[in-house]
Amino acid sequence: MADIIILGCGPAGISAAAYAVRGGLTVTVIGKDGGSLQKADKIENYYGFSQPISGEELIAAGIEQARRLGAEILTDEVLGIDFDGEQYTVTAKNEVYRAPCVILATGSARRAPNIPRLKEYEGKGVSYCAVCDAFFYRGKDVAVLGSGEYALHEAMELLPVVRSVTLLTNGTDPSIKLPPEIKLADQPIAAFEGEGVLQTVRFKNSESLAVSGVFVALGVAGSSDLARKLGAEINGTSVVVDADMQTALPGLFAAGDCTGGLLQVSKAVYEGAKAGTSAIKYIRALKTK
């Protein structure tokens, strides 16, 4: 078991890993890809490069640096996270990982579903956390909006509690194999409807689906999704942290785009360094006890 699990292999996560490893801790970094930075063609405003560098090159160099220092770098997709008061359990597609300290650095969700009236029903039938809100829909018909592993994970969390679960892919082909107990509705969605609360999903082919709730699980689980599952404070889509990059939960830190503010590599690197050094102090204090 590592001292620290860092979720995200972008500038914030790798910066945190470099500091933590050099502080004498064992570190596991889990990431699926380089996120939005990986798509950047040329970066010209980051210190130390006389010539432009691509996001892909910058990410690769950072990962190699952290690996050389001794961090374990794993490619996996994180689906959920739990805390028992002493250690965190990170559930990923390929394995389950545990550590007393976690740094969230998976970036910020920049893609929202463009579905009419979705925002209107947030808290009134639209949810972003199956673990948090499944209880309120016990014995009812619900749906999960998404088409990948994260959506399947949320659907499986709901199955033991609700009456039925339908996966809404909004016109996208699902990338996962569904168990028979989960229904599939792959038509494009026209709108969410209901009197005061969500009652119906209306599709563009004029068909409709009666539901009491829809759980949004697009793409992969971001830092705010994971923090929300643990009960950490969220402001909009940003994870709320203190001056040491720590959330209100012991041993849970966050850094980079997920904390809001300037969405730049320089800010992510600074916050990663701060989270890494703060995590070192936290782990050392635990070991002293």
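Ser147 sits in the loop that runs between strand E9 and helix H4. In this predicted model, Ser147 has a relative accessibility of 18%, and because buried means under 20%, the residue counts as buried. Leaving out neighbours within four places in sequence, the contacts of Ser147 are Thr169, Thr172, Asp173, Pro174, Ser175 and Ile176.

Ile176, one of those contacts, belongs to the loop between E10 and E11. Ile176 is buried, with a relative accessible area of 11%. Apart from neighbours within four places in sequence, Ile176 is in contact with Ser147, Gly148, Glu149, Leu152 and Leu167. The pair Ile176 and Leu152 lies 24 residues apart along the chain, yet their C-alpha atoms are separated by 7.6 Å.

The loop between strand E10 (164-168) and strand E11 (182-185) also holds Asn170. Asn170 is not a glycine, but has a positive phi of about 55 degrees. Its relative accessible area is 31%, so Asn170 is partly exposed. Ser206 is another residue with a positive phi that is not a glycine, here at about 80 degrees. Ser206 is placed in the loop between strand E13 (200-203) and strand E14 (208-210). Ser206 is exposed, at a relative accessible area of 67%.

Ahead of E9, Lys140 occupies the loop between helix H3 (130-133) and strand E9 (141-145). Lys140 is partly exposed, with a relative accessible area of 38%. Not counting residues up to four places away in sequence, Lys140 touches Val162, Arg163, Ser164 and Ser212. Val162 is 22 residues from Lys140 along the chain, and the two C-alpha atoms are separated by 5.1 Å.

The loop residues described above are listed here with their accessibility.

| Residue | Loop | Relative accessible area | Class |
|---|---|---|---|
| Lys140 | H3 to E9 | 38% | partly exposed |
| Ser147 | E9 to H4 | 18% | buried |
| Asn170 | E10 to E11 | 31% | partly exposed |
| Ile176 | E10 to E11 | 11% | buried |
| Ser206 | E13 to E14 | 67% | exposed |

**Nonpolar cores**

The largest nonpolar core has 39 residues, and Leu7, Val102, Val144 and Leu158 are the ones with the most contacts inside it. Helix H4 (residues 149-158) gives this core its largest share, five residues. At least three residues of the core come from each of two domains, domain 1 (4-110 + 221-287) and domain 2 (118-216). A second core, separate from this one, has 34 residues and includes Leu58, Ala71, Ile103 and Ile283.

Val144 is one of the residues with the most contacts inside the largest core. With neighbours within four places in sequence set aside, Val144 is in contact with Ala151, Glu154, Ala155, Leu158, Val165, Thr166, Leu167, Leu168, Phe215 and Ala217. Leu167 is thus listed as a contact of Val144 and also of Ile176.

**The E4-E5-E6 sheet**

Three strands form an open sheet in the order E4-E5-E6, and their pairing is antiparallel. Strand E4 (78-83) and strand E6 (96-99) are at the edges with a single partner strand each, so one side of each has no neighbour in the sheet. On average, neighbouring strands in this sheet are turned by 20 degrees against each other, direction ignored.

Strand E5 (residues 88-92) is joined to E6 by four bridges, and these two strands run antiparallel. Thr91 stands opposite Val96 in E6. Helix H5 (residues 223-230) lies across E4 and E5, and runs at about 30 degrees to E4.

**The chain as a whole**

The protein chain has six helices and 18 strands. Of its 289 residues, 51% count as buried. The C-alpha trace spans about 55 × 50 × 30 Å along its principal axes. A compact globule of 289 residues would have a radius of gyration near 19 Å, and the 20 Å of this chain agrees with that. Among contacts in the chain with a separation of 6 or more, 56% are between residues 24 or more positions apart. The contact between Ile176 and Leu152 joins residues 24 places apart.

Key
Residues numbered from 1 in each chain as written. Predicted model: local features only at pLDDT ≥ 70, side-chain atom pairs only at ≥ 80, totals over all residues. Heavy atoms only, no water. Core = buried A, V, L, I, M, F, W, Y, C linked by side-chain atoms within 4.5 Å. Buried < 20%, exposed > 50% of the residue type's maximum accessible area, 1.4 Å probe, protein only. Domains from an automatic or database assignment. Contact = heavy atoms within 4.5 Å. Pairing = 2+ DSSP bridges. Axes fitted to C-alpha atoms, helices over the stretch in contact; angles between N-to-C directions. Rg over C-alpha atoms; globule rule 2.2 N^0.38 Å.
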